[in-house]
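Hi,

Here's the structure I said I'd pass on. Have a look, and then read my notes underneath.

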Amino acid sequence: MEKSEAHKATFEHAKKLREPHETEIRDAYKFSYPSRAFDKQPGEKIDRSKIYDDTATHSVRSLVTNVIKLLVPQNRQWARITLKTAKLKEQLETALAERVMGWNDALNNHFLTSNFYLKMDEAMNDAVVAGTACIAFYDRVGEPLTYISVPVDQLYFTQDHNGNVDAVFREHELTGRQMIGRFGKKLQSELKQTCTDAPDKLHKIVECVVPAKQGYDYIVYSKADWSEIESSVTRWNPFIVWRWEKSLNEAWGNSPVRDALPSIRSLNMMARDTLEAGNFSAKPCYQITGDILNIEQLKTQLVPGGLIATEAPLQPLATGANFPITLELIEKTRASVRSLLYGNQIMNRDISKTPMSATEASLRQTEFYAQIGQPALRLQKELLQPIAEQAVQRLMERGDLEVLPNQLVAALNIPGAKTQADIFKVETNAAIERAIKMSEAQNDLQTLVTMMQSLGDPNLVLTHVDVDELIRNTLEGFSFSPDAIRSREEVKQMKEQMQQIALQQQALGLAAQQAKAQGGMQ
């Protein structure tokens, strides 16, 4: 089987994996995020005419903002280059501190100055609404390393035997002018001529990334005949796919909006009916005297302000609506939608109250972390970690990050270490992980204090506890800046200096006592 035929077969399989989710995903966008509607064509008018209640729309926007603010904050470095093990940190942290700090400053500056957070916002909307999102690296020679948020309706993928994303496809359209601008001389003569003659004509292409022995095969096909336009071998998969939640035997993820769809639909219908009933109350139908009652004509007259010919006296036509019950149901359904979209954990439940205190805000954030724990961990493992690792590798390949020479690595005399990759790693310290560490640190401190109080002898407990490590873990758990925490070697040197000073003071004190004693004897 030819390569293109094999990739086409995998693409068709990927389409079947998405198909069972498409109807629900389409409705999720329809009722919460219509501006990025599923299958929306370029230039197509945004249809918000079917939305009668904006609770879901506001809740989605609020959730996206809070997830990025709390889990991928711009004011705190969430990705760092660090030594792999505690032993390496003990041996090399002081010697390499300045170099590592420079790397991390450059990495943090890349995320802040690139379009990462803009595309992160777009991708997070897709994750919250559809349950699946994709951010792609756009890496062209002579241009800054940038990111693309791949719309869900353009995305197809398969998964391997472990449930990890495997082959990824992006099907989308480019105009003839865009085709020439992107591929240039790589276009076949016939296709290039067509693009030149009709620069505004749309052409479907399929970007294909599949695992290969050397890394990944990246191939761009013309959808019309599956002819190859461009191909290359890359060490990394440029498409990073993340699922908000994942069910067994399902490649595509689930989302809070999809979970809330029954309530969102019901709320939308109730809001529509309430508006319609209110319209009838403001402009009721009237009964008037008439000789002939035409049913078909009557149907056309059943509109607000319509005149209906009957033999009865002129009077408003009762609608039968029960507003107290309807409004109560609407408020309950709104509360359900907000709860399913994590709104009650962050926002004031009663907007008429004064703003939250710092303590209440902290408690709400803790509650938010507890509720969003699993999606947040998946965010870290499936999105943030791969992006951070790949960004570091690409920036080093470009020369934007310094690479530690192999000769210097060898000079460090670390057993088995030949390259930088043997002693360094990239770690993502997402907020949810910090929250877990903070909770563990609080439990450790509380347990220590409780035992010291109950036993009555603090020294008995401290004999079994490495206080230095407990303090270090507590500082790290409470999100204390790593740059402000002294290395273990520095702490060791300071303790030795303090011990020497204490011994000197003790010796001086003894000498003073001896001198005083001798003076008294004289």
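Below are my notes on the cores, one pocket and a surface patch.

Bear in mind that this is a predicted model, where local features need pLDDT of at least 70, side-chain atom pairs count only at pLDDT 80 or more, and totals for chains, interfaces and linings use all residues. Numbering runs from 1 along each chain as its sequence is written, and side-chain values use heavy atoms, with hydrogens and water left out.

Cores first (buried Ala, Val, Leu, Ile, Met, Phe, Trp, Tyr and Cys residues joined through side-chain atoms within 4.5 Å; buried is under 20% relative accessible area, exposed over 50%, partly exposed in between, with a 1.4 Å probe and protein chains only). The largest one has 97 residues, and Phe111, Met120, Met124 and Trp244 touch the most other members. Helix H12 (residues 373–398) supplies its largest share, 10 residues. A second, separate core has 11 residues, including Phe169 and Cys208.

Now the second largest pocket (on a 1 Å grid over the protein atoms alone, an open set of points where a 1.4 Å probe fits, with protein on both sides within 12 Å along at least five of seven lines; lining residues have an atom within 4 Å of a point). 29 residues line this pocket, and Phe137, Tyr138, Asp139, Arg140 and Tyr218 lie nearest its centre. Strand E8 gives the most to the lining, with five residues. Helices (H or I, at least four residues) and strands (E, at least two) are DSSP runs, numbered from the N terminus.

Lastly, Leu460 lies in helix H15 (residues 458–462) and is partly exposed, at 46% relative accessible area.

Cheers
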